[in-house]
Amino acid sequence: MINKLNYGKVNGDSEELHALKGFKVLAVGNGIIKGECALSIMLMNENNVAVDLSITEDGAYLSDFYALTEDMIPRTYDD
């Protein structure tokens, strides 16, 4: 999973969670969100768009959506 993602806290009725319909689990790991240990789940859809769902004791956090290359590496757009 990539560093420097923007995470926003979500609740159970959040529209952001409905946007994850059709995404499949690509990887599961652990990480840190706002200084707390978190279970991090990387999700990807059929168009190689990914998002990280991180779960802490405080709640669930969703990263911004980002593109993956065919090798499942986060795409960068640096010139």
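This tour visits the nonpolar cores, one buried strand residue and a surface patch of a predicted model.

Residues are numbered from 1 along each chain as its sequence is written. Local features need pLDDT of at least 70 and side-chain atom pairs count only at pLDDT 80 or more, while totals for chains, interfaces and linings use all residues, and side-chain values use heavy atoms, with hydrogens and water left out.

Select first Val10, Leu20, Phe23, Ile41, Leu43, Val51, Leu53, Ala60 and Leu62, the nine residues of the largest nonpolar core. Such a core is a set of buried Ala, Val, Leu, Ile, Met, Phe, Trp, Tyr and Cys residues joined through side-chain atoms within 4.5 Å; buried means under 20% relative accessible area, exposed over 50%, and partly exposed in between (1.4 Å probe, protein chains only). Two or more of its residues come from each of β3 (36-44), β4 (49-55) and β5 (60-63). Strands are DSSP runs (E, at least two residues), numbered from the N terminus. Apart from this core lies another, of five residues, including Met42, Met44, Ala50 and Tyr66.

Next, centre on Phe23. Beyond four places in sequence, Phe23 touches Leu43, Met44, Asn45, Val49, Ala50, Val51 and Phe65 (contact means heavy atoms within 4.5 Å).

Move then to Ala38, in strand β3. Ala38 counts as buried because its relative accessibility is 5%. Leaving aside neighbours within four places, its contacts are Gly29, Asn30, Gly31, Ile33, Ser54, Ile55 and Thr56.

Finish at Ile55, in strand β4, which is partly exposed at 37% relative accessible area.

Definitions and conventions. Helix = DSSP H or I, 4+ residues; strand = E, 2+ residues; numbered from the N terminus.
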